[in-house]
Amino acid sequence: MTTIVQQIVSRDIEAVIIYESEQVIAFADHDPINFGHILICPKEPYESFIDLPALVHDEIQVVARDLYSRIVNKFNPDGISFIQNNGKCNELDHYHLHIFPRFDGDQFGWLSSDIGIQCIEVLRESLSGL
């Protein structure tokens, strides 16, 4: 199966490409949280964070750092968010790192599960043996 990212790399799908090298591509998210929302991806279809070769991972981090500065300069946001999902939470079946500017009142938020705030003892126990 060819992923959406591979289709963008091969130019079968149009995208606003911000960065491209032999290993990595970065392009605008078609359904942005805010303008300036970019996906940074390996060109090869690695599915998760753990699958990335070290050199590809390192280049993604360099690109993310550069885009961070460029987003700040262009959009003057109140903050910057990074999100990366794996497993069933990765809708593209292709590793991608989201970077996007944040603004007061943009209504993007973190929705926690029903377990609520935990005391330190419960957290310690839950991570015992990790």
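Select phenylalanine 108 first. In this predicted model, phenylalanine 108 is partly exposed, with a relative accessible area of 28%. That value lies between the 20% and 50% cut-offs, so the residue counts as neither buried nor exposed.

Keep phenylalanine 108 on screen and add phenylalanine 100. The two rings form an edge-to-face aromatic pair. Their centres are 5.1 Å apart, and the planes meet at 80 degrees. An angle over 60 degrees is what makes the pair edge-to-face. Now check the accessibility of phenylalanine 100. At 1% relative accessibility, phenylalanine 100 is buried.

How many aromatic pairs are there by this rule? The count is two. For the other, select tyrosine 68 and phenylalanine 82, which are stacked. Measure between the ring centres and you should read 6.2 Å, with 10 degrees between the planes. Colour by secondary structure next. Tyrosine 68 belongs to helix H2 (residues 54-75), and phenylalanine 82 to strand E4 (residues 79-83). The pair links distant parts of the chain, with the two positions 14 residues apart in sequence numbering.

Are these two rings buried, partly exposed or exposed? Tyrosine 68 is partly exposed at 37% relative accessible area. Phenylalanine 82 is partly exposed too, at 40%.

Stay with phenylalanine 82 and pick a residue that touches it: histidine 98. Histidine 98 is found in strand E5 (residues 97-102). The UniProt record, an unreviewed entry, annotates His98 as "active site". Histidine 98 has 13% relative accessibility; this is under 20%, so the residue counts as buried.

Show the neighbours of histidine 98. Leaving out residues up to four places away in sequence, the contacts are Asp29, His37, Ile38, Leu39, Ser81, Phe82 and Ile83. Which residue's side chain makes a polar contact with the side chain of histidine 98? Select histidine 37: the distance is 2.8 Å.

Next, go to lysine 74 and phenylalanine 75. Lysine 74 lies over the face of the phenylalanine 75 ring, at 5.6 Å from the ring centre.

Last stop: glutamate 14. Look in the loop between helix H1 (4-9) and strand E1 (17-20). Is glutamate 14 buried or exposed? Its relative accessibility is 80%, over the 50% cut-off, so glutamate 14 counts as exposed. Finish by drawing a C-alpha to C-alpha distance from glutamate 14 to arginine 65. The line spans 25 Å in space, for residues 51 apart in sequence.

Note on methods:
Residues are numbered from 1 along each chain as its sequence is written. This is a predicted model: local features need pLDDT of at least 70, side-chain atom pairs count only at pLDDT 80 or more; totals for chains, interfaces and linings use all residues. Side-chain values use heavy atoms; hydrogens and water are left out. UniProt positions are given in the numbering used here, feature names are shortened, and annotations may be inferred rather than shown by experiment. Helices (H or I, at least four residues) and strands (E, at least two) are DSSP runs, numbered from the N terminus. Buried means under 20% relative accessible area, exposed over 50%, partly exposed in between (1.4 Å probe, protein chains only). Contact means heavy atoms within 4.5 Å. A polar contact is a pair of N or O atoms within 3.5 Å; within protein, one must be able to donate a hydrogen and the other to accept it, and residues adjacent in sequence count only if both atoms are side-chain atoms. Rings of Phe, Tyr and Trp (its six-membered ring) pair if their centres lie within 6.5 Å; planes under 30 degrees apart count as stacked, over 60 as edge-to-face and the rest as tilted. A charge sits over a ring if NZ of Lys or CZ of Arg is within 6 Å of the ring centre and within 35 degrees of the ring normal.
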